[in-house]
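Please open the structure in your viewer and keep the sequence panel visible. The tour proceeds by selections, each followed by a short account of what is found there.

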Amino acid sequence: MPSIEKICVLGAGNMGHQIALSAALAGYQVKCMDVDAKTLDNAKNFVEKYLPERVAKGKLDEESANMARTGLSFTEDLKIAAGDADFVIEAVLEKLDLKRKIFLELDKICQAHTILTTNSSYIVSSKIADITGRPGKICNMHFFNPALVMKLVEVVKGPHSSDETIQVTMEVAKKMGKTPVLLNKEIYGFLVNRILTAIRNEALFLYDMDIASFADIDTAVENALGHPMGPFKLLDLTGIDLNYHTNMERYRETQDPVYKPSPIIIEKYIIKEWGRKTGKGFYDYAGK
Ligand code: 3HC
């Protein structure tokens, strides 16, 4: 089995920067790449603030914080980020065309042994693997938000993924302190998002029908079902833009109206109330 030392994370957004930091905290050499300078700056600032805060809180020792700080770098250059990586985790926007373009590039840039994974929430890797000359070295590796906190990682075996790729991916997740679960077959939404979508769609239906306020629906789910966050707080955390894009992508693909984003999601997407990342979603985060 190839030994994994260098990891490249593509995308420094909501998920990417926390995946990159989780890997650096586990002792990997990590390069995190994004095309957007502001997103990279935000990611760097997050790391600079997060590590000393964890040390001050007694959750992390100084030595581990320094190891993560020195082991993690940021770049706008794909060749620098991926050229010497043993393992790549792609966490860019949920757009199939974009992912295919990136994997085509990665296949050219990366070493022959490099495993390429996608953190996509919904796009199965068989929709991407065929564009590369290394389909056996490709699979889904799906983290949850916030990636530094949530333990689960879904590893999805595509028909093209080799057993070795799956085994290495499971091992990388474990070394990152995560709890990986293996999906033997590809399915849209994997395990968690299928369950979450059923809950979320019902919550949006109840809200759109004016049965209750979004806050009361959250209160109901938190206090009756024991979920740490109701569906609207969770939408704000994971990003209303992400929900809009994934649903639109699936709607375009299937023409099934069940995937059409709900009216309130479309409205919030248009006015850029995307949740915590824009300071307002269903809830207001100004000054928080
Ligand atoms: N980034 C990093 N760490 C965070 C964080 C963030 N955004 N938010 C909270 N934390 C950490 C805190 O530092 C704290 O760490 P500590 O206990 O080690 O000191 C811990 O999480 C608890 O934080 P708080 O006490 O501030 O707040 P809560 O107890 O309310 O926990 C939460 C916050 C962990 C986000 C919790 O509310 C939760 O588990 N919510 C549900 C999250 C969830 O369901 N995620 C899955 C989303 S679905 C998804 O990701 C699918 C994908 O495809 C999009």
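The stops below cover the ligand site, a pocket, the cysteines and several individual residues of this predicted model.

**Stop 1: the ligand**

Select the ligand and display its surroundings, which comprise 18 residues. The closest are Arg-54, Lys-57, Ser-121, His-142 and Asn-145. Next, show the side chain of His-142, where a polar atom lies 2.7 Å from an oxygen atom of the ligand. Add Lys-59: an N or O atom of its side chain is 3.4 Å from an oxygen atom of the ligand. For Asn-145, display the backbone, since a polar backbone atom of this residue is 2.8 Å from a nitrogen atom of the ligand.

**Stop 2: from Asn-145 to Pro-146**

Remain at Asn-145 and extend the selection to Pro-146. The peptide bond from Asn-145 to Pro-146 is cis, with omega near 0 degrees. Pro-146 itself belongs to the loop between strand S6 (138-142) and strand S7 (152-156).

**Stop 3: the second largest pocket**

Turn now to the second largest pocket, with a volume of about 370 Å³. It is lined by 21 residues, and those closest to its centre are Thr-197, Asn-201, Asn-247, Val-258 and Tyr-259. Colour helix H8 (192-208) and helix H11 (240-254), the elements that each give two or more residues to this lining. Which element supplies the largest share of the lining? That element is H8, with eight residues. Colouring the lining of this pocket by class separates eight nonpolar, eight polar and five charged residues.

**Stop 4: Asp-241 and Lys-277**

Follow helix H11 to Asp-241, which is found in this helix. Is Asp-241 buried or exposed? Asp-241 counts as buried because its relative accessibility is 8%, under the 20% limit for that class. Show the side chain of Lys-277 as well: a polar contact of 2.9 Å joins it to the side chain of Asp-241.

**Stop 5: two residues with positive phi**

Select Asp-210 in the loop between H8 and helix H9 (214-225). Its phi is near 60 degrees, a positive value in a residue other than glycine. With a relative accessibility of 65%, Asp-210 counts as exposed.

Then move to Gln-255, in the loop between H11 and H12. The phi of Gln-255 is likewise near 60 degrees, again positive in a residue other than glycine. Gln-255 counts as exposed, at 53% relative accessibility.

**Stop 6: the cysteines**

Select the cysteines and inspect their sulfur atoms. How many disulfides are there? The count comes to zero. Begin with Cys-8, whose closest cysteine sulfur is in Cys-110, at 6.8 Å. That separation is too far for a bond, because a disulfide requires the two sulfur atoms to be within 2.5 Å. Cys-32 is also in no disulfide; the nearest cysteine sulfur, that of Cys-8, is 8.0 Å away. Cys-8 is buried, with a relative accessible area of 0%, and Cys-32 is buried with a value of 0%.

**Stop 7: Gly-279**

Finally, select Gly-279 in the segment after helix H12 (263-270). Gly-279 is partly exposed, with a relative accessible area of 23%. Add Val-35 and draw a C-alpha to C-alpha distance: Gly-279 and Val-35 are 22 Å apart in space and 244 residues apart in sequence.

Conventions
Residues numbered from 1 in each chain as written. Predicted model: local features only at pLDDT ≥ 70, side-chain atom pairs only at ≥ 80, totals over all residues. Heavy atoms only, no water. 1 Å grid on protein atoms, 1.4 Å probe; cavity = no way out; pocket = protein on both sides within 12 Å on 5 of 7 lines; lining within 4 Å. Points joined across faces, edges and corners; volume = space filled by probe spheres on them. Helix = DSSP H or I, 4+ residues; strand = E, 2+ residues; numbered from the N terminus. Nonpolar A, V, L, I, M, F, W, Y, C, P; charged D, E, K, R; others polar. Buried < 20%, exposed > 50% of the residue type's maximum accessible area, 1.4 Å probe, protein only. Near = heavy atom within 4 Å. Polar contact = N/O pair within 3.5 Å; in protein donor to acceptor, adjacent residues only side chain to side chain.
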